[in-house]
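Thanks for making time this morning. Please bring the model up on your screens, and I will talk you through it piece by piece.

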Amino acid sequence: MANTTTQDVLSRAQSALSASPVYLLRQLDVTHVDGAIYLSGQVDSFYHKQLAQEVVRAVSGSHRVVNSVRVE
C-alpha cells in the first residue's frame, strides 16, 4: 500500500493535470508502481504527451516519472 507521501504526490499530479487548460490532459491516469509515477492514457500530439510529463514532473518530488501516454 502506498504511504502518505506517495498519495500526496499522486493527488498533486492528478490535480495539476485536472487544472490544465488542455482538456486531453485532464483525462490522463496517474498511478504509482515500484516507486515511480506512471502516466497513461491517450493524447493527439507528442507536444501534449511531453506537456503532461512536465506538469507531473513539476509536482513529483523525488519520484521518477514514466510517461506511457499514447499518441494517436
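Let me begin with Ser 60, which is found in the loop between H3 and E3, in what I should say at once is a predicted model. Is Ser 60 buried or exposed? Its relative accessibility is 1%, and since anything under 20% is called buried, Ser 60 counts as buried. If we leave aside the neighbours within four places in sequence, Ser 60 is in contact with Val 9 and Val 65.

A second polar residue to look at is Thr 6, whose place is in helix H1, the helix of residues 4-18. Thr 6 is buried as well, with a relative accessible area of 6%, and, again leaving aside neighbours within four places in sequence, Thr 6 is in contact with His 32 and His 63. Ser 18 is also found in helix H1, but at 40% relative accessibility Ser 18 counts as partly exposed. From Ser 18 to Leu 28 there are 10 residues in sequence, while in space the two are 8.8 Å apart, C-alpha to C-alpha.

Now let me step back to the whole chain. The secondary structure of the protein chain comes to 3 helices and 3 strands, and from the N terminus on these elements run α-α-β-β-α-β. The radius of gyration is 11 Å, close to the 11 Å that the globule rule gives for 72 residues, so the chain is as compact as a globular protein of that length. Along its principal axes, the C-alpha trace spans about 35 × 20 × 15 Å. Of the 72 residues, 36% count as buried, and the accessible surface comes to about 4300 Å², of which 52% belongs to carbon and sulfur atoms. If we take the contacts with a separation of 6 or more, residues 24 or more positions apart account for 56% of them.

Next, the sheet. The 3 strands form an open sheet in the order E1-E2-E3, with mixed pairing. Which strands stand at the edges? Those are E1, residues 29-33, and E3, residues 64-71; each has a single partner strand, so one side of each is left without a neighbour in the sheet. On average, neighbouring strands of this sheet are turned by 20° against each other, direction ignored. E1 and strand E2, residues 36-43, pair in the antiparallel sense over 5 bridges. Within that pairing, Val 30 stands opposite Leu 39 in E2, and Thr 31 stands opposite Tyr 38 in E2. As a general point, side chains in a regular strand alternate between the two faces of the sheet.

The turn between these strands deserves a careful look. The hairpin of E1 and E2 has 2 residues between the strands, and there Asp 34 takes a positive phi near 50°, although Asp 34 is not a glycine. With a relative accessible area of 77%, Asp 34 is exposed.

Helix H3, residues 46-57, lies across E2 and E3, and runs at about 155° to E3.

That brings me to the core. Which residues of the largest nonpolar core touch the most other members? Of its 16 residues, they are Leu 17, Leu 25, Leu 28, Val 30, Leu 39 and Val 56. The elements that give two or more residues to this core are H1, E2, H3 and E3, and the largest share, 4 residues, comes from H1. In soluble globular proteins, nonpolar side chains tend to be buried together.

If you would like one residue to follow on the screen, I would suggest Leu 17. Leaving aside its neighbours within four places in sequence, Leu 17 is in contact with Leu 25, Arg 26, Leu 28, Val 30, Leu 39, Ala 52, Val 55 and Val 56. Val 30 and Leu 39, which appear in that list, are the pair that stand opposite each other across E1 and E2. I will stop here and take questions.

Terms used. Residues are numbered from 1 along each chain as its sequence is written. This is a predicted model: local features need pLDDT of at least 70, side-chain atom pairs count only at pLDDT 80 or more; totals for chains, interfaces and linings use all residues. Side-chain values use heavy atoms; hydrogens and water are left out. Buried means under 20% relative accessible area, exposed over 50%, partly exposed in between (1.4 Å probe, protein chains only). Contact means heavy atoms within 4.5 Å. Two strands pair if DSSP finds at least two bridges between them. Axes are lines fitted to C-alpha atoms, for helices over the stretch in contact, and angles run from 0 to 180 degrees between N-to-C directions. The radius of gyration is taken over C-alpha atoms; the globule rule is 2.2 Å times the number of residues to the power 0.38. Accessible areas come from the Shrake-Rupley method with a 1.4 Å probe; for residues, only the protein chains shown count as cover. A nonpolar core is a set of buried Ala, Val, Leu, Ile, Met, Phe, Trp, Tyr and Cys residues joined through side-chain atoms within 4.5 Å.
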